[in-house]
Amino acid sequence: MKLKKITAYITCLLLIINAVFSFDFRVKADSNTLISYSFSSSNIQAGQTFDITVNAANITNLYGASVDFYYDPTAIQITGVDQGAIFKNSGKSVNAMTPTNDSTNGVISFTETLQSNISGLAVGSTNSLFVIHAKALKAATTPINTISDNINNTMSASGNNMCIKLSDSNGQAVSYSARSGTISINDVISPSIDSFTADKTSPQVSNTAVNLIVSASGGTSLLYQFWAFDGTNWTLIKDYSSSYTATWTPTVAGSYTLYVNVKDSKSTKSYDTFKTIN
């Protein structure tokens with residue numbers, strides 16, 4: 001009888017210990033350092049500039065970080081890389097190395113570290129570690145494959161293309177897990193005009209100012225040109241500019257058709273699309 005009681009007690013104790021260790025394991029797993037990626041646009045089009053932000057979360061002692069990004073220079077032009085908010089807004093003295101960018105082979109590298117004998121930074125929720133500035137050159141899809149060391153020289157634009165190294169104040173590597181990301185560049189969407197309106201209806205007396213406004217979409221950077229046509233002669237109201245509004249003041253009575261031409265700033269055409277008001 002006594003043996004049964006002892007056995008039951010040991011079994012219960014083991015169950016309690018197992019439960020404690022299981023709970024402790026889950027807490028540690030949730031606090032693992034995480035690297036992730038975000039982009040300044042959800043619809044990156046060829047010709048547009050955009051940012052690739054490298055984010056980090058859950059680090060207790062971050063002293064230094066480096067990035068090596070291998071990219072396809074025919075699809076992406078890298079224009080630079082900056083500190084993210086983690087180091088930039090730390091209030092500590094930071095040594096940010098001048099980035100090295102091999103635009104021919106498609107490799108950019110950057111390192112940032114704290115200075116002096118101080119403790120590392122504590123990073124809780126997701127915040128930016130690096131901000132890589134880029135320009136899309138053509139439609140392409142590039143998965144971001146992250147590794148923590150390039151000791152085996154496995155880096156390439158089409159394979160392991162992002163090497164992120166983290167170190168603590170003791171010079172030890174900080175291990176992490178990485179959440180995948182994908183750089184998706186789409187073809188340019190042709191410009192289209194959603195509406196072309198005037199703030200006054202016809203007829204109006206001469207020398208009355210009429211304000212015109214256009215709503216258009218597509219392209220990478222749109223330009224607008226405004227015209228008036230009296231059936232014989234064309235009058236330029238406002239030449240191509242990035243402004244989607246214009247003011248027209250007719251000085252001669254008559255019937256006019258108002259035109260707006262819209263084109264992408266990269267377009268070689270006289271216009272990509274147009275719309276009228278009669």
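# Briefing: strands, sheets and aromatic pairs

Strands β17, β18 and β21 make up an open, antiparallel sheet in that order (strands are DSSP runs of E with at least two residues, helices runs of H or I with at least four, both numbered from the N terminus; two strands pair if DSSP finds at least two bridges between them). Because β17 (192-198) and β21 (245-248) are at the edges and each has a single partner strand, one side of each is left without a neighbour in the sheet. From one strand to the next, the twist averages 20° (axes are lines fitted to C-alpha atoms, for helices over the stretch in contact, and angles run from 0 to 180 degrees between N-to-C directions).

The model is predicted: local features need pLDDT of at least 70, side-chain atom pairs count only at pLDDT 80 or more, and totals for chains, interfaces and linings use all residues. Residues are numbered from 1 along each chain as its sequence is written, and side-chain values use heavy atoms, with hydrogens and water left out.

**Chain totals**

- The chain contains 23 strands and 2 helices.
- Of the 278 residues in the chain, 35% are buried (under 20% relative accessible area, with exposed over 50% and partly exposed in between, using a 1.4 Å probe and protein chains only).
- Among contacts with a separation of 6 or more, 67% are between residues 24 or more positions apart (contact means heavy atoms within 4.5 Å).
- The exposed area of the chain is about 15,900 Å², and carbon and sulfur atoms supply 51% of it (Shrake-Rupley method with a 1.4 Å probe; for residues, only the protein chains shown count as cover).

**Strand β9 and its partners**

- Strand β9 (residues 107-114) is mostly covered, with 6 of its 8 residues buried.
- Strand β5 (residues 64-70) runs antiparallel to β9 and is joined to it by 7 bridges; Phe69 stands opposite Ile108 in β9.
- Strand β7 (residues 94-96) is antiparallel to β9, with 3 bridges, and Val94 has Leu114 of β9 as its bridge partner.
- Strand β8 (residues 100-102) is also joined to β9 by 3 bridges in the antiparallel sense, and Asp102 is the bridge partner of Val107 in β9.
- A hairpin is formed by β8 and β9 with 4 residues between them, and Gly106 in the turn has a positive phi of about 80°.

**The two open sheets**

- Within the sheet β17-β18-β21, strand β18 (residues 210-217) is joined to β21 by 4 antiparallel bridges, and Ile213 has Thr245 in β21 as its bridge partner.
- Another open sheet has 4 strands in the order β20-β19-β22-β23, with antiparallel pairing.
- Its edge strands, β20 (234-241) and β23 (273-277), each pair on one side only.
- The twist in the sheet β20-β19-β22-β23 averages 15° from one strand to the next.
- Strand β22 (residues 257-264) pairs with β23 over 5 antiparallel bridges, and Leu258 has Ile277 in β23 as its bridge partner.

**Aromatic rings**

- The structure holds 10 aromatic pairs (Phe, Tyr and Trp rings, the six-membered ring for Trp, with centres within 6.5 Å; planes under 30 degrees apart count as stacked, over 60 as edge-to-face and the rest as tilted).
- One of these is the tilted pair of Phe196 and Phe226, at 6.2 Å centre to centre and 50° between the planes.
- This pair links distant parts of the chain, 30 residues apart: Phe196 is in strand β17 and Phe226 in strand β19 (residues 222-229).
- Both Phe196 and Phe226 are buried.
- One aromatic cluster is formed by Trp227, Phe229, Trp234, Tyr259, Tyr271 and Phe274.
- Lys263 lies over the face of Tyr240, 4.8 Å from the ring centre (a charge sits over a ring if NZ of Lys or CZ of Arg is within 6 Å of the ring centre and within 35 degrees of the ring normal).
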